[in-house]
Amino acid sequence: REIRRQLFEYHEAMNRADYEALTALLRDAVITVCYSPRHRARVEPLSELRPDQRTGVIHGGEQFVAGCRATWLTYGGDPRMQFGATNVIVDVADSLDTATCHAYFFLFQGLGPRDDPADQQAEHSLGRPADEQAEHVAGQLGLITPLEFPLQVISCGRYFDTYRYLGERWQIVAHEIYADFAGDASRHMRAPMS
């Protein structure tokens, strides 16, 4: 239960850009970002991936948060995204001192006409709706105003995490992120510098 709860707390911290909570949850964990949709993390070790399939290795929560701050686009300080997890499988070793957690994740994003413009400079402009009166009338009639970036899945994949039991609680020590599918992340991440 505690490991499942930590997974959901991790997503809540990501959704709210709660950098302090992210740092505490990940502490000294080794975070590996992978692109290998066919890799079976529960039965095949990470060492079987080719170097080009391990797209990033991050050491600890502070470095992970620094990467988030450097790349995420936020809107009034909010990343305007929602992570979710499903198919969570927790296996605890017979020794009761290590465990693994495997889960699928999905990341939604959608931006509406009332969302703040991105705090960081991006290559596009989200702008405001040109016809404010039409928006007001639509609101009065109970109609949904079209979104400037319609709600959609912008990423999905899997986690494979390793935990150790340290005294009174479980602590994540390795966090493998398998980014299997990617959508339009242009409103979520700063465009890479050319």
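Student: I would like to learn how to read an enclosed space in a structure, so may I begin with the largest cavity: what is its volume?

Tutor: The largest cavity has a volume of about 80 Å³, and please keep in mind from the start that this is a predicted model. A cavity, as the word is used here, is a space where a 1.4 Å probe fits but cannot get out. The structure holds two cavities of 30 Å³ or more.

Student: Which residues line the largest cavity?

Tutor: Its lining is made of Gln6, Leu7, Tyr10, Leu25, Leu26, Asp161, Tyr163, Ile172 and His175. Sorted by character, the lining residues come to six nonpolar, two polar and one charged.

Student: Which elements supply those lining residues, and which of them gives the most?

Tutor: At least two residues each come from α1, from α2 (19-26), from β5 and from β6, and the element that gives the most to the lining of this cavity is α1, with three residues.

Student: Before we go on, how many helices and strands does the protein have, and in what order do they run?

Tutor: There are four helices and six strands in the protein, and when you follow the elements from the N terminus on, the order is α-α-β-β-α-β-β-α-β-β. As for how much of the protein is covered, buried residues make up 39% of its 194 residues.

Student: How should I read a pocket, and what volume does the largest pocket have?

Tutor: A pocket differs from a cavity in that a pocket is an open set of points, whereas the probe in a cavity cannot get out. Here the largest pocket has a volume of about 600 Å³. It is lined by 23 residues, and those that lie nearest its centre are Val33, Trp72, Ile177, His188 and Met189.

Student: Which elements build that lining, and what is its chemical character?

Tutor: Each of α1 (2-15), α3 (61-71), β4 (98-111), β5 (149-166) and β6 (169-182) supplies at least two residues of the lining. With five residues, α3 gives the most to the lining of the largest pocket. In character, the lining of the largest pocket divides into 18 nonpolar residues, five polar residues and no charged residues.

Student: Where on the surface should I look for a nonpolar patch, and which residues form it?

Tutor: Look at Val90, Val92 and Leu96, which together form a nonpolar patch on the surface with about 240 Å² of accessible area. Of these residues, Leu96 is found in the loop between β3 (81-92) and β4. Leu96 counts as exposed because its relative accessibility is 57%, and the cut-off for exposed is over 50%.

Student: Why can charged side chains form pairs?

Tutor: Side chains of opposite charge can pair when their charged atoms come close. In this model the count comes to nine salt bridges. One of them joins Glu9 and Arg5, with the closest N and O atoms 3.1 Å apart. These two residues are four residues apart in helix α1, so about one helical turn separates Glu9 from Arg5. Glu9 is partly exposed at a relative accessible area of 32%, while Arg5 counts as exposed at 57%.

Student: How far apart are the closest N and O atoms of Arg50 and Asp52?

Tutor: The closest N and O atoms of Arg50 and Asp52 are 3.0 Å apart, and these residues form a salt bridge. Arg50 counts as partly exposed at 47% relative accessibility, whereas Asp52, at 52%, counts as exposed.

Student: Which residue meets Arg80 in a salt bridge?

Tutor: The partner is Asp78, whose side chain meets that of Arg80 at 4.0 Å, N to O. Arg80 is partly exposed, with a relative accessible area of 31%, and Asp78 also counts as partly exposed, at 25%.

Student: Where does Arg80 sit, and what is its phi?

Tutor: Arg80 has its place in the loop between α3 and β3, and its phi is near 50°, a positive value in a residue other than glycine.

Student: Ala17 has a positive phi too, so where is Ala17 placed, and is it buried or exposed?

Tutor: Ala17, although not a glycine, has a positive phi of about 50°, and its place is in the loop between α1 and α2. Ala17 counts as buried because its relative accessibility is 12%, and buried means under 20%.

Note on methods:
Residues are numbered from 1 along each chain as its sequence is written. This is a predicted model: local features need pLDDT of at least 70, side-chain atom pairs count only at pLDDT 80 or more; totals for chains, interfaces and linings use all residues. Side-chain values use heavy atoms; hydrogens and water are left out. On a 1 Å grid over the protein atoms alone, a cavity is a set of points where a 1.4 Å probe fits but cannot get out, and a pocket is an open set with protein on both sides within 12 Å along at least five of seven lines; lining residues have an atom within 4 Å of a point. Grid points are joined across faces, edges and corners, and a volume is the space filled by probe spheres set on the points. Ala, Val, Leu, Ile, Met, Phe, Trp, Tyr, Cys and Pro count as nonpolar, Asp, Glu, Lys and Arg as charged, and the others, Gly among them, as polar. Patches are made of residues with over 30% relative accessible area and no salt bridge: like charges are joined within 9 Å, nonpolar side chains (Val, Leu, Ile, Met, Phe, Trp, Tyr) within 5 Å. Accessible areas come from the Shrake-Rupley method with a 1.4 Å probe; for residues, only the protein chains shown count as cover. Buried means under 20% relative accessible area, exposed over 50%, partly exposed in between (1.4 Å probe, protein chains only).
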